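Hi,

Here is the structure I promised to pass on. Have a look at it first, and my notes follow underneath.

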Amino acid sequence: MVFRDALGRRLAPLYLSTFFGGLALWVPIEKLFMTQIGFTSASVGLMAAVYAVVVPVLEIPSGVLADRWSRRGVLILATLAVIVSVIIGGFSQSVTAYIVAAAFLGVFFALQTGTLESIVYDAVLEETGDSEAFERTMGRVRLIESAALVASALAGGLIAQFAPLRATYFLTAPLLALSAVMLLWLREPQLHRAEERDSLRGQIQATVRAVLGGGHLRAIIALTVVGALLMQGMLEFGPLWLVALLVPPFLYGPHWAGLTSALGLGAVLGARRWFTREWTVRVFAVAVVACCVLLVVSDHAVLVIGVQVALMLLVVAVSIPVTRRLHDAVPSTIRAGVASGVGTLTWLAFVPFAVVFGVVSQAAGLDRGAWLFVAIGVITALLMLFVLPRARPAVAQAGLEGAAAALPSMAIQPAFPPDRFLPPDDPAWPGHWANPPSAWAGSGLPTDSPEALEEVRSALIDLPAEARQVIVLRDVEGRSPKDVEDALGLSAERERALLHHARGQVRGRLERHFQRAEGAS
Amino acid sequence: MTSRPQPEADLQCVEVVEGLTAYLDGAVDEGQRRRIDSHLAGCAGCSAALDQFRTTIKLSGRLTAADVSSLDPLTRDRLETTLRRPRRK
């Protein structure tokens with residue numbers, strides 16, 4: 001309890017900074033403002049495309065800066081970049097000036113990505129001694145951020161109703177300054193956990209290999225990408241419908257608040273078990289296409305807003321089980337690379353999407369451009385039907401086979417390291433113990449302690465997905481070997497080998513844990 | 001430091017420990033099971049290994065599926081990226 005309070009006090013400046021930084025009053029009316037200063041659908045698309053290229057490229061040097069210099073410093077720089085962005089944005093009279101403002105926003109995003117998480121992670125580690133509270137703490141940061149976004153969406157719409165649109169930009173600047181000042185009170189964690197940042201090329205190679213692995217994995221990655229296109233497309237272009245329908249500025253607030261809260265609510269929806277039931281998936285797949293079609297045919301402002309929010313909700317919800325499928329289907333060795341690679345792929349796929357949407361909408365009207373959403377929506381729906389309703393282990397297995405085709409299959413480690421035995425050419429006792437283990441039961445070791453249980457839990461989580469599935473089904477859930485073989489489509493030998501590997505890894509962790517405990521006492 | 005098994009037991013310790021999961025599953029034939037039993041009876045190291053396996057299994061059994069399905073890093077990244085999107089532009 002004391003620890004948690006200490007952590008709360010430690011991170012209070014960060015919480016406050018996040019809140020003030022999240023109050024972006026200009027966001028809901030941005031597209032309306034851009035239209036006023038001369039943007040067309042085509043130039044909005046072009047700007048989004050440029051943005052989609054710039055951000056992933058900038059992310060790498062900014063990560064190095066955060067690791068080598070100071071994370072708090074990088075966060076402050078990031079906030080300064082947004083201040084510059086909103087000031088330039090607010091003064092913009094032309095498309096060119098606004099694109100410069102957007103570039104500074106790109107700098108902010110690249111600087112901020114990963115930095116905030118690293119600070120939270122290290123602070124949690126320093127204050128509590130382990131990383132267990134990370135998710136909860138990060139959840140709190142995200143909650144504060146979402147609350148600020150929703151509040152500022154509503155406030156921004158209202159301000160725009162009664163004041164010039166530019167005012168929302170200028171009013172955001174002091175809030176951001178406050179956010180930067182708050183960071184000065186943050187005591188930066190000194191633990192510098194060197195983030196493993198894969199090279200862009202490494203990520204792409206890992207992803208390409210995984211994609212070439214074929215089967216379900218390809219479908220899972222495709223669904224991730226098209227889902228993200230719809231999501232990003234709504235955020236980037238959704239407000240253009242409001243511009244086209246000439247809705248009053250105050251409606252931009254609820255529209256943006258709706259899209260923003262759909263992000264949070266969608267995540268909750270997607271985590272429900274029933275969400276991946278076959279009939280549910282069918283209904284939602286039809287709903288995705290229906291939403292896209294309504295965007296083409298409807299010219300009723302409230303309906304369009306509702307449809308956009310619903311589409312966002314569905315796409316975010318779909319992304320939750322899809323991410324889980326992706327995770328299950330990829331061996332842990334390349335998981336991080338594939339995860340970032342898929343992220344990069346999404347950004348890159350957004351470039352042609354943005355350009356085509358912009359050009360078509362410009363030339364033939366928004367309702368023609370919206371057909372691109374329908375096309376992507378249909379692909380999304382088909383992939384949903386293919387990827388989502390499967391029982392989890394079956395999909396994971398299909399993915400594993402896919403990944404295994406491109407990668408050496410998971411090496412089965414012996415339960416005890418080979419150096420604990422005498423070598424095969426030992427004259428007296430080949431293959432017998434050189435360094436035998438000692439029994440735990442009745443040894444007075446705390447085998448029942450919560451710490452031992454926690455060690456087992458974390459060892460299980462660290463296992464490669466395929467071994468973890470087997471040991472969770474067998475030893476945690478207590479299912480029979482036959483059930484597990486059937487569920488995962490494994491041979492009896494493979495199932496036993498994976499289980500033995502997993503138990504061996506957990507055993508090794510426990511052995512080291514008990515040795516440390518003994519050493520400490 | 002350990003009482004070594006009789007050579008006529010014919011199994012090496014390394015074989016016994018790598019076969020423990022099969023042994024515990026009852027997936028070995030009768031002859032093999034008897035050989036393992038007699039090896040275990042004479043080898044403190046291997047019976048300690050068996051004991052460690054049993055403790056490991058018992059501890060895993062005290063967890064629930066929910067304990068080990070906490071939000072994995074990938075899902076977390078994805079969620080965080082998703083929630084951050086609106087600020088991007």
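Helices here are DSSP runs of at least four residues, numbered from the N terminus. With that in hand, the first thing to look up is A:Leu246, which sits in the loop between H10 and helix H11 (252-270) of chain A. Bear in mind throughout that this is a predicted model.

What is odd about the backbone at A:Leu246? Its phi is near 55 degrees, a positive value in a residue that isn't glycine. Most residues other than glycine have a negative phi. A:Leu246 also counts as exposed, because its relative accessibility is 75% and the cut-off for exposed is over 50%.

Now the interior. The largest nonpolar core has 101 residues, and those touching the most other members are A:Tyr98, A:Phe237, A:Trp241, A:Met312 and A:Met384. Helix H10 of chain A (residues 215-244) gives the most to this core, with 17 residues. Another core lies apart from it and has 26 residues, including A:Leu445, A:Val472, A:Val484 and B:Leu59.

Two helices of chain A come out close to their expected spans. H12 (residues 278-297) has 20 residues and runs 29 Å from first C-alpha to last, against 28 Å expected. H17 (residues 450-462) has 13 residues and reaches 18 Å, with 18 Å expected. On H12(A), the buried residues include A:Phe284, A:Val288, A:Cys291, A:Cys292 and A:Leu295. On H17(A), A:Glu455 and A:Arg457 are among the buried residues, along with A:Ala452, A:Leu453, A:Val456, A:Ala459 and A:Leu460. What do the buried residues of H17(A) pack against? Their partners are helix H18 (465-476) and helix H20 (492-520) of chain A, together with helix H4 (44-61) of chain B.

You'll probably want to know about disulfides. The count is zero over all chains, with a cut-off of 2.5 Å between cysteine sulfurs. Why does A:Cys291 have no bond? Its closest cysteine sulfur, in A:Cys292, is 6.7 Å away, so that is too far. A:Cys291 is buried, at 8% relative accessibility. In chain B, the sulfur of B:Cys46 is 3.6 Å from that of B:Cys43, its closest cysteine sulfur, and this is also too far for a bond. B:Cys46 is buried too, with a relative accessible area of 1%.

Next, a helix pair in chain A. H4 (residues 71-91) and H6 (residues 115-128) pack at an angle of about 145 degrees, with their axes 9 Å apart. Their crossing is left-handed. On the H4(A) side the contact is made by A:Arg71, A:Arg72, A:Val74 and A:Leu75, and on the H6(A) side by A:Thr115, A:Leu116, A:Ser118, A:Ile119 and A:Asp122.

Further along, A:Thr79 is also in helix H4 of chain A. Is A:Thr79 buried or exposed? It is buried, because its relative accessible area is 7% and the limit is under 20%. Leaving aside neighbours within four places in sequence, A:Thr79 is in contact with A:Phe108, A:Leu176, A:Ser179, A:Ala180 and A:Leu183.

One last residue to click on is A:Ala66, in helix H3 (residues 41-68) of chain A. A:Ala66 counts as buried, at 1% relative accessibility. Its C-alpha is 10.0 Å from that of A:Ile119, although the two are 53 residues apart along the chain.

Cheers

Terms used: Residues are numbered from 1 along each chain as its sequence is written. Chains are lettered from A and ligands numbered from 1 in the order in which they are written. This is a predicted model: local features need pLDDT of at least 70, side-chain atom pairs count only at pLDDT 80 or more; totals for chains, interfaces and linings use all residues. Side-chain values use heavy atoms; hydrogens and water are left out. A nonpolar core is a set of buried Ala, Val, Leu, Ile, Met, Phe, Trp, Tyr and Cys residues joined through side-chain atoms within 4.5 Å. Buried means under 20% relative accessible area, exposed over 50%, partly exposed in between (1.4 Å probe, protein chains only). The expected span of a helix is 1.5 Å times one less than its number of residues. Contact means heavy atoms within 4.5 Å. Axes are lines fitted to C-alpha atoms, for helices over the stretch in contact, and angles run from 0 to 180 degrees between N-to-C directions. A crossing is left-handed if the near helix is turned anticlockwise from the far one by less than a right angle, and right-handed if clockwise.
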